[in-house]
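Visitor: Please select a single part of this model and examine it closely. I should like to hear about its extent, its ends, its surroundings and the charged pairs nearby.

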Amino acid sequence: MGSGGARRTWFFAEGCTRTGFEEWVCLFNPGAAEAIATCTYMLGDGQVVARDEVLAPRSRTTINVGAVVPAGSDVSLAIEASQDIVAERPMYFRYQGTITGGHNVMGAEAPREEWFFAEGCSREGFDTWLCLQNPTGEAAVCDISYYCGDGTSEERVGIGLAPNSRSTIPVHETGLGLGRAGDARGDFSIAVRSTNCVPVVAERPMYFRYQGTITGGHNVMGAEAPREEWFFAEGCSREGFDTWLCLQNPTGEAAVCDISYYCGDGTSEERVGIGLAPNSRSTIPVHETGLGLGRAGDARGDFSIAVRSTNCVPVVAERPMYFRYRSLQPEWMSVDRDALVRSLGTGEIASGNTAQKRVALTFDAEQDRAATTAILDALRACDVHCTFFVLGGYADQYPDLVKRMADEGHEVASHSYSHADFAASSAEKRRAELLSAEAAISRITGYSPRPYFRFPYGSRNAAAISQLNSMGYISVYWNVDPWDWKGISAGALYSRIMSAVRPGAIVVMHTVYASQKAGALPAVIRDLRASGYEPVTVTEVLLADD
């Protein structure tokens, strides 16, 4: 949300320079004279770092907070300028090594004795944090109220905040937080109140794996007070967008609200007489019918929202949205794979583009439901797509797993029908294997496994490769083989992969040994990313430089 004006003081309770986080502060001096901005960084370990920034007239200045405070810090920020300026704080993250994204807030105008958040969630896949800043020279004492979606509430009282300090509460954990809950108790609103009249600042970042597949994070500065009206210009219920309306009544009196939806097609709809119990949290899925609008694939699915209390009891409203914007399909699905293969000018590959730090993770799907499930679970948790080379017989035996591969965005290629030795087979046998596998796979996935094929055992000869190419396939070999099929430990699998990877690597693994895969894959993906590598599909590892 843009700022309503420039001012001399700005406050940010949240900030982080831990591994996986980049924090930036953007300062805008709209005036005709030079400004001096004193930036005071208050770290979670009690340190305070102050630095003056010189802001040229009518200029934008960008501060890399990681270059100002020590790495690994949780940090709040207070800014005091010599004249009116504007301050904003974008952050970019790889949360816990797997959840990537960014969030951004305008600073608070001043510390206050009360802050309110309508949204909060501790269901599985959601981590909610409460960041508290005391930018004053006097210790603050705060109470925190949690109003849960099941109608219950909990208090955490007497929380001390030292002068010029930053404190962090993981609300998804027990203690000062609520802990995990898989039902309506895991949906909550928050009120932060200073009980000794020392004002503070509160922010609430959240990181999520929404419905198990959509990852990201969002963050808000707390509302300064409940109000009788709230307005949201954005809302969407088109396919791929879920819009939620979170309503908090932090008062001791029941509220009655009307909601107005103003749609992009010129129509509007009202939902009236919605009761909000005292000290409560209510949630409306706007993408569903009832109190929401339901799905719409046209301009009606673009809407604005107004929330109005009709009985003068003030409330707090927030509108989180979760989306798969223009990314219903992973990158490889937008590539003309046949044209890509033709451009390579070869009948077999064993590596990808060595100019990019991409690594293709591939799995030969030949057996073992449990292992395949463990692999798919790990890939989904890490938000990674890979290439499965599937036996036609496996597809017939486990159609649900092959469908899951396709539904979750993985590239499904052919590995023959029965794992025949192509170097020792007749041309007729090879042709039958290819056609039978293609029919079994495409019947489940809805698309052909061409153009990629992996020879069973890696056994091939010139005649087999030539016949394969004539049928529209390219042979995909590998240059990293960790020997997972020998039953090595998860640690050994991790070490063999990490010691051998290089740009353009194609790693071959198999759908065997569930515990081995569950133990190794998350660590492999995490540390590939930490080393600057991107785990990808075969198509993506072959792509030319951007």
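Guide: The account below concerns helix 2 and then turns to cores and salt bridges. The model is predicted: local features need pLDDT of at least 70 and side-chain atom pairs count only at pLDDT 80 or more, whereas totals for chains, interfaces and linings use all residues. Residues are numbered from 1 along each chain as its sequence is written, and side-chain values use heavy atoms, with hydrogens and water left out.

Helices (H or I, at least four residues) and strands (E, at least two) are DSSP runs numbered from the N terminus. Helix 2 comprises 13 residues, 369-381. Its expected span, taken as 1.5 Å times one less than its number of residues, is 18 Å, and this agrees with the 18 Å between its end C-alpha atoms. At the N-terminal end D368 acts as the cap, with a side-chain oxygen 3.1 Å from the backbone nitrogen of A370. This falls within the polar-contact limit, a pair of N or O atoms within 3.5 Å. Just after the helix, D383 adopts a positive phi of about 55°.

The buried residues of helix 2 are A371, T372, A374, I375, L376, A378 and L379; buried means under 20% relative accessible area, exposed over 50% and partly exposed in between, with a 1.4 Å probe and protein chains only. Their cover includes strand 25 (358-365), strand 26 (387-390), helix 3 (392-397), helix 4 (399-407), strand 30 (506-510) and helix 8 (514-530).

A nonpolar core is a set of buried Ala, Val, Leu, Ile, Met, Phe, Trp, Tyr and Cys residues joined through side-chain atoms within 4.5 Å. The largest has 51 residues, and L27, Y41 and I79 have the most contacts inside it. Apart from it lies another core, of 40 residues, which includes L379 along with V384, L401 and V507. L379 is also one of the buried residues of helix 2.

The structure holds 33 salt bridges, each a side-chain nitrogen of Lys or Arg within 4 Å of a carboxyl oxygen of Asp or Glu. In helix 4, part of the cover described above, D407 and K403 form one such bridge, their closest N and O atoms being 2.6 Å apart. The two residues lie four residues apart in helix 4, about one turn. D407 counts as exposed at 53% relative accessibility, and K403 as partly exposed at 43%. Salt bridges with shared partners also join D377, R380, R404 and E408 into one network.

Definitions and conventions
Contact = heavy atoms within 4.5 Å. Polar contact = N/O pair within 3.5 Å; in protein donor to acceptor, adjacent residues only side chain to side chain.
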